[in-house]
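Biologist: Can you walk me through this chain? Keep it short, please.

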Amino acid sequence: MQTLSSLKHQAVRDLAWSCFGPNIVEHFPGAGKGLNGAVQSCPITLTNRRQQWLLQLDQNPTLLLNHLACLKSTRLGLYFEALWQFFIQQDEQLELIAHNLRVYREKVTLGEFDILYRDLATDEIFHLELAIKYYLNCSTTVLNRDQHFSTAYKYWVGPNTIDRLDKKLAHLLNHQIELSALQESTGVLEKCGIKNTEGKSINKVIALKGMLFYPHNVAADCRFEANTANERLSNNHLHGEWIHLEEFIERCDAYTYWCHLQKPRWISPPTYSCVEDLISAENLAEHMGDYFSHTTRPAMICAMREDSGSMQEVRRYFVTANSWPSK
């Protein structure tokens, strides 16, 4: 991942991490045994040719920036999807057939295909579902009376505690990725030149990106031992720590400089050319106190350190209100 981290432009870095960064979950045992075959993780990889393309784009990102300028929302999920759309449009090995293609039953929306693309080398058609998620592990909090650490999907919750990894996966596998099996999809796909016949079915693939945040008091060597056969996190998933504000303030002097990441800048590691753009350790407590004075929503905070002439992320935290999670 060194190539991805060295990219200078934020948008290019975000594109690289969105398309080629590690998945949260990449194996889906027992899923998708319906009409259209099994579900797999997206097979697109970072080849040498794609690395060179990213480096060239980093030298002149105008085409990407113009593409992103068409976005009408700053929502992280839409930004993530737009990065994928641009990559597949530009990649010489792939053809973007359609994106955000809706399927209706009468006037009711049944769902939409995030991306339909063709592998030009094999002529295979892929239905790609996209998701970017940031989950905090709550197995050692009030959500688990036994207070035992577990990586079971149900213990990974979003910052708002409504979203959960098990629920998201269930929706992806039982609804979103099965859209091509619906009778109502047949005509929509045929208009795109796709006939989903028995001899040539659509490949169903998922790219589930993002980051998982472990309780700060869980030892690092325990974090990957709790995977089960059917609920297994990706071995190389991106991870940080979550910590209550009170505890964070006590230890925030471990690093001299910090940054507070706002959406949609959560995707790739931040980089800064000068420390004036960062929050010093001596000012961080005041900054965090001011932030939590008007919200209880967790804040994404990065510890920064100088590397090769610029300030680079070395550790990422979700800092939560002391009462989080409240339910």
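**Two helices and what covers them**

Modeller: Of the 327 residues of the chain, 50% count as buried, meaning under 20% relative accessible area with a 1.4 Å probe and protein chains only. This is a predicted model: local features need pLDDT of at least 70, side-chain atom pairs count only at pLDDT 80 or more, and totals for chains, interfaces and linings use all residues. Residues are numbered from 1 along each chain as its sequence is written, and side-chain values use heavy atoms, without hydrogens and water.

Biologist: How many helices and strands are there?

Modeller: The chain has 9 helices and 12 strands. These are DSSP runs, numbered from the N terminus: helices are H or I with at least four residues, strands E with at least two.

Biologist: Which residues are buried in α6?

Modeller: In α6 (residues 165-176), they are L165, K168, L169, L172, L173 and Q176. They fall within an arc of 125° seen down the axis, so they line one face of the helix. The arc is that of the directions from the helix axis to the C-beta atoms.

Biologist: What covers them?

Modeller: The cover of the buried α6 residues includes β3 (108-119), β4 (124-137) and β6 (203-215).

Biologist: Now α9. Which residues are buried there?

Modeller: A281, L284, M288, Y291 and F292 are buried in α9. Their arc around the axis is only 80°, which puts them on the same side of α9.

Biologist: And which are exposed on the other side?

Modeller: E282 and E286 are exposed there (over 50% relative accessible area).

Biologist: What covers the buried residues of α9?

Modeller: Among the elements are α8 (245-251), β8 (257-261) and β11 (299-307).

Notes: Contact means heavy atoms within 4.5 Å.
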